[in-house]
Amino acid sequence: MALQAMALRDISVALRPGTPEWPGDTPFDCRWTWKMSEGASVNVSAITGSPHVGTHADAPLHVREGAAASHELPLAPFVGPALVCDVRGARGAIESGDLQLPASGAVERVLLRTGHTIADGAFPEEWPVPSPDCVRALLARGVRLVGTDAPSVDGRESQTLEVHHALFDAGAYILENLDLRDVPAGEYELVALPLKLEGLDAAPVRAALRTPRPAGDDA
């Protein structure tokens with residue numbers, strides 16, 4: 001029982017050469033600096049690529065000059081109770097009614113399963129995003145973080161990035177490119193700490209979900 005209660009579900013997209021990047025962004029790549037098979041005493045690798053490739057947290061600097069950078073992202077919003085919402089039926093805008101939120105109480109972290117994900121191996125042409133009313137409703141419920149399996153919480157062609165700005169203005173944060181393909185809607189505990197990369201506009205994340213223990217279960 002204890003082992004089952006502690007089981008973690010990885011919801012990160014694997015980083016490898018070929019992991020889809022935003023069109024025009026720097027792709028992920030890796031190489032070997034030293035290889036034991038070639039006589040070195042150790043294996044040592046090197047990587048290049050945009051911090052937006054794969055699962056990542058956006059920093060306010062991403063959309064606002066002079067704003068907080070990746071190393072200034074707080075940790076608390078990225079750890080704690082989270083609600084996975086299956087919105088694969090949404091077309092265009094995601095409305096608050098699509099989320100099936102609990103009737104009352106705070107909802108601190110919402111993860112959107114849109115079904116439009118790079119985890120399938122290709123960059124999607126489009127994906128549904130929260131409407132302005134939906135964002136306001138989430139913020140009114142106390143949301144501290146919005147995550148999505150899509151490449152962005154805003155649309156592919158958006159130039160204004162309204163969802164990014166609304167969330168950052170309210171002190172909430174953003175996860176993108178999650179892998180929620182096999183995750184049923186429901187309540188979980190999220191652990192998704194951003195790497196402490198200094199001065200960047202985003203940080204890679206290893207994200208995982210854990211099913212909370214039933215109340216009173218100390219096994």
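Let's start at one glycine. Just after helix α2, G142 takes a positive phi of about 95 degrees. Keep in mind that this is a predicted model.

Now step back into the helix itself. Helix α2 covers residues 132-140, and C134, V135 and L138 are buried there. Down the axis of α2, those buried residues fall within an arc of 100 degrees, so they line one face of the helix. The general rule helps here. An α-helix has 3.6 residues a turn, so residues three or four places apart point the same way.

What do the buried residues of α2 pack against? Four strands and a helix: β6 at 93-94, β7 at 109-113, β8 at 129-130, β9 at 145-148, and α3 at 162-169. Turn α2 around, and the face away from its buried side carries R136 and A140, both exposed.

Next, a loop. S70 lies between β4, residues 56-58, and β5, residues 79-86. Is S70 buried or exposed? Its relative accessible area is 2%. The cut-off for buried is under 20%, so S70 counts as buried. Who touches S70? Leaving out residues up to four places away in sequence, the list is A59, L197, E198, G199, L200, A202 and A203.

Third stop, a strand. E189 sits in β11, which runs over residues 186-191. E189 has 27% relative accessibility and counts as partly exposed. Beyond its neighbours within four places in sequence, E189 contacts G80, P81, A208, L209, R210 and P212. Take P212 from that list. E189 and P212 are 23 residues apart in sequence, and their C-alpha atoms are 6.1 Å apart.

Now the whole protein. We have 3 helices and 13 strands. The radius of gyration is 18 Å, and the globule rule gives 17 Å for 219 residues, so the protein is as compact as a globular protein of that length. Along the principal axes, the C-alpha atoms fill a box of roughly 65 × 50 × 30 Å.

How much of the protein is buried? Of the 219 residues, 41%. As for contacts, take those between residues at least 6 apart in sequence: 73% of them join residues at least 24 apart.

Last, the surface and the charges. The protein exposes about 11400 Å², with carbon and sulfur atoms supplying 52% of that. There are 18 positive and 30 negative side chains. The centres of those two sets lie 6 Å apart.

How values were computed. Residues are numbered from 1 along each chain as its sequence is written. This is a predicted model: local features need pLDDT of at least 70, side-chain atom pairs count only at pLDDT 80 or more; totals for chains, interfaces and linings use all residues. Side-chain values use heavy atoms; hydrogens and water are left out. Helices (H or I, at least four residues) and strands (E, at least two) are DSSP runs, numbered from the N terminus. The radius of gyration is taken over C-alpha atoms; the globule rule is 2.2 Å times the number of residues to the power 0.38. Buried means under 20% relative accessible area, exposed over 50%, partly exposed in between (1.4 Å probe, protein chains only). Contact means heavy atoms within 4.5 Å. Accessible areas come from the Shrake-Rupley method with a 1.4 Å probe; for residues, only the protein chains shown count as cover. Lys and Arg count as positive and Asp and Glu as negative; His and the chain ends are not counted. The place of a charge is taken as NZ of Lys, CZ of Arg, CG of Asp or CD of Glu. The arc is that of the directions from the helix axis to the C-beta atoms.
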